[in-house]
Structures are given as C-alpha cells and as structure tokens.
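Let's take a friendly walk through a protein model, one part at a time. Keep the picture in view and turn it as you read.

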Amino acid sequence: VSGRSRTALYDITARMAEREVLWLPEALFDAFHLELQRLSRSGILLCEAGRVGFRHQTFYEYIRARSFLEAPGRLTDTVLARQHSLRVRPLLWHSLAYMRAVDPPTYAQEIERLWHADLRPHLKMLLIEFLGQLSNPGISETTLVAEKWGETWYRSRILATVPGSPGWFDWLADDHLVEIMRLPIE
C-alpha cells in the first residue's frame with residue numbers, strides 16, 4: 001500500500017487512536033473515498049453502514065506500529081500521554097515487536113527512552129515481560145536489564161519473566177548466576 005491509500009490508512013489509524021475506537025464515520029474520510037473503496041476491496045478495511053473500520057484488529061495494530069517508525073520518540077511520547085488508557089498495553093507490545101523486527105536502531109532508542117521514562121508500574125512490568133520473552137536479547141536489551149539488576153523490584157520481576165529464554169539464560173549464566181545464588185529467598 002502506498003501513496004494516498006497509505007495516507008488514508010495512517011489518517012484512519014491516528015483518528016481511531018485519538019478517539020480510542022475501532023470504527024469511525026466514513027464521512028470523516030470523504031477526501032479518500034476512492035482509497036477507502038480500494039482498501040475495502042483488498043480486504044484491509046470494512047466500509048459498512050456509513051462507518052469504516054479495519055477488517056481485523058491486527059491490521060490496525062500493524063499500521064499503528066508502523067506509523068511510529070516515521071518519528072523516533074513518538075511511541076514513548078504516546079505511551080506517556082496515554083498511560084491510563086486500556087489500549088496502551090497492546091499498542092506498546094505490538095509497536096516494540098514490530099520495531100525490533102524491522103528497525104533495530106529505532107527500537108533500541110525507543111526501548112531505552114521507555115525504560116528510563118516515568119511509567120506507571122503496570123507499564124514497567126509490561127516492558128520487563130516484553131524483554132523477558134525475547135529468546136535472543138541484544139546488547140541494548142541486556143544493558144537495560146543490567147542497569148536495574150541491583151534493584152530488588154526489577155530483579156525479581158526479571159527473573160520471573162525469563163524462564164524459557166535461552167538468550168537470557170546465557171546472560172544470567174555468564175554474568176549473574178553466582179550473584180543470584182547469593183540472594184536471599186524472598
């Protein structure tokens with residue numbers, strides 16, 4: 001998808017995110033009438049009863065995540081501004097996964113900004129869970145975890161999320177297993 005169709009998708013996604021809805025009045029996008037028809041025929045959008053929405057929520061999440069690549073730092077700004085929103089958790093998870101897969105340098109900047117941001121505890125935990133599920137953490141990710149390793153709140157949560165990850169197990173075995181063995185059981 002390119003050109004005006006891409007612009008239409010980004011516009012629809014941004015407005016849905018702003019309103020925190022999955023359907024919008026089609027009349028908001030009259031300037032993109034032909035593109036909406038084309039995107040509907042291709043199976044990306046649904047245009048029904050004067051409303052427009054994505055055929056599947058994963059299309060919405062993909063377009064939303066992709067839009068953050070165009071302005072590094074915008075994901076962090078969006079998360080900070082919408083920390084109380086129910087939709088921030090899937091937004092954060094899908095966006096980080098997408099960025100990590102397609103643009104590692106932007107991902108590294110974003111995850112670092114988020115890691116150091118003043119996030120609510122449930123979002124800090126989500127970041128820890130995201131990092132913990134990685135089977136092959138990179139240097140930027142292990143550096144962030146190492147930074148907080150001395151803090152009990154982080155360490156206990158990190159240890160709870162990494163089972164099953166060969167990469168984290170290797171990291172723990174290389175640098176931190178002896179340290180873990182000395183810790184009191186809580």
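We begin with an opening at the surface: the largest pocket has a volume of about 160 Å³. The word pocket has a strict meaning here: on a 1 Å grid over the protein atoms alone, it is an open set of points with protein on both sides within 12 Å along at least five of seven lines. Grid points are joined across faces, edges and corners, and a volume is the space filled by probe spheres set on the points. Residues count as lining when they have an atom within 4 Å of a point. For the largest pocket these are Val1, Arg6, Leu9, Tyr10, Ile44, Phe59, Tyr62, Ile63 and Arg66. Helices H1 and H3 are the elements that give two or more residues to this lining, and H3 gives the most, with four. By class, the lining has seven nonpolar residues, no polar ones and two charged ones. In this sorting, Ala, Val, Leu, Ile, Met, Phe, Trp, Tyr, Cys and Pro count as nonpolar, Asp, Glu, Lys and Arg as charged, and the others, Gly among them, as polar.

A word on what you are looking at: this is a predicted model, in which local features need pLDDT of at least 70, side-chain atom pairs count only at pLDDT 80 or more, and totals for chains, interfaces and linings use all residues. Residues are numbered from 1 along each chain as its sequence is written, and side-chain values use heavy atoms, with hydrogens and water left out.

Now step back to the whole chain. Its secondary structure comes to ten helices and three strands. Helices (H or I, at least four residues) and strands (E, at least two) are DSSP runs, numbered from the N terminus. Starting from that end, the elements run α-β-α-β-β-α-α-α-α-α-α-α-α. Along the principal axes, the C-alpha atoms fill a box of roughly 65 × 30 × 25 Å. Of the 186 residues, 42% count as buried; buried means under 20% relative accessible area, exposed over 50%, and partly exposed in between (1.4 Å probe, protein chains only). Contact means heavy atoms within 4.5 Å. Among the contacts with a separation of 6 or more, 66% come from residues 24 or more positions apart.

Next, look inside. A cavity is a set of grid points where a 1.4 Å probe fits but cannot get out. How many cavities of 30 Å³ or more does a search of the whole structure find? It finds one, with a volume of about 180 Å³. This cavity is lined by 15 residues, of which Tyr60, Arg64, Arg87, Val88 and Leu91 lie nearest its centre. Helix H1 (3-19), helix H3 (57-67) and helix H5 (88-102) each give two or more residues to its lining. H5 gives the most, with five residues. The classes here are six nonpolar, four polar and five charged residues.

Let's move on to the nonpolar cores. Such a core is a set of buried Ala, Val, Leu, Ile, Met, Phe, Trp, Tyr and Cys residues joined through side-chain atoms within 4.5 Å. The largest has 30 residues, and those with the most contacts inside it are Leu75, Val79, Leu92, Leu96 and Leu131. Several helices give two or more residues to this core, including helix H4 (74-81), helix H6 (104-116) and helix H7 (121-132). H7 gives the most, with six residues. Not counting residues up to four places away in sequence, Leu96 touches Leu75, Tyr107, Ile111, Leu114, Leu127 and Phe130. Apart from the largest core lies another, of 17 residues, among them Met16, Ala17, Phe29 and Leu45.

Helix H8 (residues 139-148) makes a good study case. Its buried residues are Glu141, Thr142, Leu144, Val145 and Lys148. Seen down the axis of H8, they fall within an arc of 155 degrees, taken from the directions from the helix axis to the C-beta atoms, so they line one face of the helix. Ser140 is also found in H8, and at 28% relative accessibility Ser140 counts as partly exposed.

Finally, visit two loops. Most residues other than glycine have a negative phi. Glu20, in the loop between H1 and strand E1 (23-25), has a positive phi near 55 degrees. Ala49, in the loop between strand E2 (45-48) and strand E3 (51-54), also has a positive phi, near 50 degrees. Are these residues buried, partly exposed or exposed? Glu20 is partly exposed, with a relative accessible area of 32%, while Ala49, at 83%, counts as exposed.
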